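Please look at the sequence and the model below side by side, and keep both in view while reading. The report moves from one helix to the contacts, charges and surface around it.

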Amino acid sequence: MSLIEKLNNKNHSFSLEFSPPKKDMPVDSVYVAMNKLAEFNPDFVSITYGAGGSSRERTVEVASHVNDMGLEAIAHLTCVGADADQINFVLDTLRSKGIHNVLALRGDIPQGMDKSLAFINYKYASDLIIDIKKRSGFVIGAAAYPEGHYEADNLNSDIQYLKQKADVGADFFVTQLCFDKNALVDFFEKVYKAGITPPIATGIMPILNPNQIIRMSLLSACSIPSSLSKIISRYGEDADAFKKAGIEYAVNEITGLIENGISKFHLYVMNKADETIQIIKQSGLA
Ligand code: FAD
């Protein structure tokens, strides 16, 4: 079954996301985590890309490893700071390694990059999608933001741009982390009303460290519901109790979403295989 058939036809699906280590760091710990999680047979495994191409080789290397493991690999690709030749080079490299699935992203301007060089041939992810679409044979994913992207005026305008990504060729979407189940349910209603039909995998971030959760929420402009802030207040000083409550929170989020008809989940592994396995098992995803 192809990736799109899996996403469209399976009642439930789950996928995983890994971030490769920097060029000079060993990659083994990512592979150890992947090996542990492979037995749960994720529908795809996506590999992040350093904005501005900083981890380009590593993304290709790790995505190839995923392919070699017999899993469906998706390589993230950002266009910030890249011209069309550089993007074509990465796409050629991916194709030569047998990787045909790409998550097409704009990316954020990295620190130190000259802003006038940030958007050379591509201003938005939709421009990148249009270019990738011209080359046949790639399945194209794109990013979605249940609470709106931080630059967007409001969620409705962001959803219009999400529709534009679908209209120019996005085959599926993966959402940014969102800790608020109700916000996710509202988002899906708005998406369906807007006539956006590609499958959407809901990004789930494991809640394992209070500072990391606060930092990620600020970076992504996503809210921390009171039930989660209570966990941070109550267990913030007790690492084990926090981790236990955080896993329970993620499991409740997933099962609550399943009750609301949302059935595709994308787990950000954050190199925490054992905790991700607990979430998969307890929420019945595998
Ligand atoms: P876009 O879709 O281009 O949107 C960017 C902003 O522009 C939004 O506010 C949108 O509303 C607005 N917009 C879009 N189109 C138009 C238009 N036509 N006219 C006016 N406004 C418009 N970053 C990385 O560096 N590496 C990664 O591997 C990575 N993986 C990610 C995975 C997921 C699942 C998600 C959700 C995000 C990921 N990101 C990654 C972060 C992403 O690069 C940033 O969030 C970035 O700021 C926006 O990228 P985008 O592709 O959503 O941009």
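## A helix and its surroundings

In this predicted model, helix α2, which spans residues 28-38, has V30, Y31, A33, M34 and L37 as buried residues. When one looks down the axis of α2, these buried residues fall within an arc of 160 degrees, and therefore they line one face of the helix. The partners against which the buried residues of α2 pack are β1 (13-18), β2 (45-47), α3 (56-68) and α11 (273-282).

## Salt bridges

Which charged side chains hold on to one another, and where do they sit? The structure holds eleven salt bridges, and three of them are set out here.

| Pair | Closest N to O distance | Relative accessibility of the acidic residue | Relative accessibility of the basic residue |
|---|---|---|---|
| D43 and K10 | 2.8 Å | D43, 5% | K10, 31% |
| D274 and K36 | 3.2 Å | D274, 42% | K36, 36% |
| E151 and R106 | 2.7 Å | E151, 45% | R106, 14% |

Take D43 and K10, whose side chains meet in a salt bridge. D43 lies in the loop between α2 and β2, while K10 lies in the loop between α1 (3-9) and β1, so this pair ties together parts that are 33 residues apart in sequence. D43 counts as buried, whereas K10 counts as partly exposed.

Helix α2 also takes part in the salt bridge between D274 and K36. Because D274 lies in helix α11 and K36 in helix α2, the pair ties together parts that are 238 residues apart in sequence. Here D274 is partly exposed, and K36 likewise counts as partly exposed.

The salt bridge between E151 and R106 links distant parts of the chain, with E151 in the loop between β5 (139-144) and α6 (155-168) and R106 in the loop between β4 (101-105) and α5 (125-134), 45 residues apart. E151 is partly exposed, but R106 is buried. This pair belongs to a network of salt bridges in which R106, D108 and E151 are linked.

## Cysteines

How many disulfides does the structure hold? The number is zero, and C178 offers an example of the reason. The closest cysteine sulfur to that of C178 is in C222, at 6.4 Å, and this is too far for a bond, because a disulfide requires two cysteine sulfur atoms within 2.5 Å. C178 is buried, with a relative accessible area of 3%, and C79 is buried as well, with a relative accessible area of 0%.

## A buried loop residue

Q176 lies in the loop between β6 (172-175) and α7 (181-193). Is this loop residue buried or exposed? Q176 has a relative accessible area of 17% and is buried, since the cut-off for a buried residue is under 20%. Once its neighbours within four places in sequence are left aside, Q176 is in contact with A144, Y145, P146, G203, S220 and Y268. For one of these partners, P146, the C-alpha atom is separated from that of Q176 by 7.0 Å, although the two residues are 30 residues apart along the chain.

A different situation is found for E189, a residue of helix α7 that is partly exposed, with a relative accessible area of 48%. E189 and H76 are 113 residues apart in sequence, and their C-alpha atoms are 27 Å apart in space.

## Positive phi values

Most residues other than glycine have a negative phi. Against that background, M270 has a phi near 50 degrees, a positive value in a residue other than glycine, and N271 has a positive phi of about 60 degrees although N271 is not a glycine. M270 lies in the loop between β8 (264-268) and α11, and N271 is found in the loop between β8 and α11 too. M270 counts as partly exposed at 32% relative accessibility, and N271 counts as partly exposed at 38%.

## A nonpolar patch

On the surface, I214, L218 and I224 form a nonpolar patch, and together they have about 270 Å² of accessible area. Of these, I224 is found in the loop between α8 (210-220) and α9 (226-235), where I224 counts as partly exposed at 30% relative accessibility.

Definitions and conventions. Residues are numbered from 1 along each chain as its sequence is written. This is a predicted model: local features need pLDDT of at least 70, side-chain atom pairs count only at pLDDT 80 or more; totals for chains, interfaces and linings use all residues. Side-chain values use heavy atoms; hydrogens and water are left out. Patches are made of residues with over 30% relative accessible area and no salt bridge: like charges are joined within 9 Å, nonpolar side chains (Val, Leu, Ile, Met, Phe, Trp, Tyr) within 5 Å. Accessible areas come from the Shrake-Rupley method with a 1.4 Å probe; for residues, only the protein chains shown count as cover. A salt bridge is a side-chain nitrogen of Lys or Arg within 4 Å of a carboxyl oxygen of Asp or Glu. Helices (H or I, at least four residues) and strands (E, at least two) are DSSP runs, numbered from the N terminus. Buried means under 20% relative accessible area, exposed over 50%, partly exposed in between (1.4 Å probe, protein chains only). The arc is that of the directions from the helix axis to the C-beta atoms. Contact means heavy atoms within 4.5 Å.
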